[in-house]
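User: Could you take me through the ligand site in this structure, slowly and in plain words? I'd also like a quick tour of whatever else is worth pointing out along the chain.

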Amino acid sequence: MEALLQKIETYRREIEAFPSNENDAAEQFRIAYLGTKGLVKSLMGEMKQVPAERKKEFGQVLNEFKQFAEAKHEALKAAGAQHAVSTTATIDLSLPGDVIPVGSRHPISMMRHRIIAIFQRLGFSVAEGPEIEDDWHNFTALNLPEYHPARDMQDTFYISTDPAWLLRTHTSNIQIREMEKGILPLRIICPGRVYRNETISARSHCFFHQVEGLYIDENVSFADLKQTLYYFVQEMYGNDVKVRFRPSYFPFTEPSAEMDISCQLCKGEGCNVCKHTGWLEILGCGMVHPKVLQNCNIDPEKYSGFAFGMGVERPALLKYGINDIRLFSENDVRFLKQFTGLV
Ligand code: PHE
């Protein structure tokens with residue numbers, strides 16, 4: 001009996017010292033002391049060992065101990081509630097919330113959109129076509145002879161050779177598909193991704209984007225071509241831009257030309273970007289070859305037209321001051337998020 005009383009005294013001191021700084025201190029205390037497997041219950045079990053004449057005395061001690069433990073439990077509960085209140089009180093509701101990251105448009109999409117929007121103002125509409133193409137629409141209908149180097153495995157990604165299925169090397173395939181529909185006049189702009197088997201470097205990639213255009217009607221002349229493209233570059237680069245046409249060769253146009261604009265960085269003075277020439281080559285163009293019209297069942301005696309094609313990556317590099325074409329396809333968020341807010 002004496003030993004029991006001693007034990008209770010020790011427990012009392014333990015309870016007094018029970019820490020209240022834990023989050024769930026009250027609950028931990030309840031489980032240890034007041035629960036069905038708690039200390040108070042087990043002390044009550046000791047009652048049978050107490051001699052009959054001291055049972056009353058022990059009962060009283062035990063009761064007091066129980067009340068003491070319950071009071072401690074209440075105190076711990078109150079302290080817990082206090083703790084919760086003081087934590088909410090430290091939240092400053094006037095602080096701004098967490099910033100939700102907003103997405104950004106890809107620089108290639110932005111540049112493609114700018115190019116398209118200018119031609120749409122001239123009455124061109126957007127046409128799209130497949131990236132996996134047959135030989136006819138990518139090469140043969142475009143008057144590309146059998147021996148043309150572009151047909152070589154080294155330049156073109158073939159999916160199969162007999163019959164030939166390939167990844168289109170330009171978006172001119174769309175122009176053939178549109179002409180084949182036989183609805184004239186035709187005034188279309190053809191944006192899309194194209195593929196060429198080139199070594200990947202800062203300057204070139206095995207896939208890139210193009211916007212090509214086609215205008216077919218009666219009496220379309222080279223003067224129309226020049227004026228349309230001149231309008232385009234003025235809208236794109238400003239009224240003080242100079243242009244020059246250099247004779248060139250494409251199997252699908254005759255005559256063919258390449259168009260340069262005065263370098264926008266050095267204003268024609270000569271710099272690294274224009275390789276000190278003062279000019280930047282931006283697109284290929286020409287009058288649609290009569291054979292191409294014939295291939296699409298269009299009468300070249302009645303109709304004529306012009307076509308042009310440009311890359312999207314190069315103008316985007318220049319506009320946004322980017323020096324490596326690979327950045328466009330790596331999808332590094334640190335790169336992409338720099339375009340947030342631009343359209
Ligand atoms: N298809 C040519 C290319 O991919 C571009 C072009 C289109 C040139 C139309 C002239 C006329 O390089």
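Analyst: Here is the ligand site, followed by a few other spots along the chain.

First, some ground rules: this is a predicted model, where local features need pLDDT of at least 70, side-chain atom pairs count only at pLDDT 80 or more, and totals for chains, interfaces and linings use all residues. Residues are numbered from 1 along each chain as its sequence is written, and side-chain values use heavy atoms, with hydrogens and water left out.

Now the ligand. There are 13 residues around it, and His170, Ser172, Arg196, Gln210 and Glu212 come nearest (a residue is near if one of its heavy atoms lies within 4 Å of the molecule or strand in question). Sort that shell by class and you get five nonpolar, six polar and two charged residues. Here Ala, Val, Leu, Ile, Met, Phe, Trp, Tyr, Cys and Pro count as nonpolar, Asp, Glu, Lys and Arg as charged, and the others, Gly among them, as polar.

Where do these residues sit? Strands E6 (207-217), E9 (279-288) and E10 (304-311) each supply at least two of them, and E10 gives the largest share, three residues. Strands (E, at least two residues) and helices (H or I, at least four) are DSSP runs, numbered from the N terminus.

Next, look at the polar contacts, meaning pairs of N or O atoms within 3.5 Å; within protein, one must be able to donate a hydrogen and the other to accept it, and residues adjacent in sequence count only if both atoms are side-chain atoms. Gln210 has a side-chain N or O atom 2.9 Å from an oxygen atom of the ligand. His170 puts a polar side-chain atom 3.1 Å from a ligand nitrogen, and for Glu212 the distance from a side-chain N or O atom to a ligand nitrogen is 2.8 Å. On its own the ligand would expose 330 Å², and the protein buries 89% of that (areas come from the Shrake-Rupley method with a 1.4 Å probe; for residues, only the protein chains shown count as cover).

Away from the ligand, check out two cis peptide bonds. One joins Asp162 and Pro163, with omega about 0 degrees, and Pro163 lies in the loop between E3 and strand E4 (164-167). Another runs from Leu184 to Pro185, with omega near -5 degrees; Pro185 is in the loop between helix H7 (172-180) and strand E5 (186-195). Asn143 is worth a glance too: its phi is positive, about 70 degrees, although it is not a glycine. You'll find Asn143 in the loop between helix H6 (135-138) and E3.

Last stop: salt bridges, where a side-chain nitrogen of Lys or Arg is within 4 Å of a carboxyl oxygen of Asp or Glu. The whole structure has 18 of them. In one, Glu9 pairs with Arg12, their closest N and O atoms being 3.8 Å apart. Because they are three residues apart in helix H1 (residues 2-16), Glu9 and Arg12 are separated by about one helical turn.
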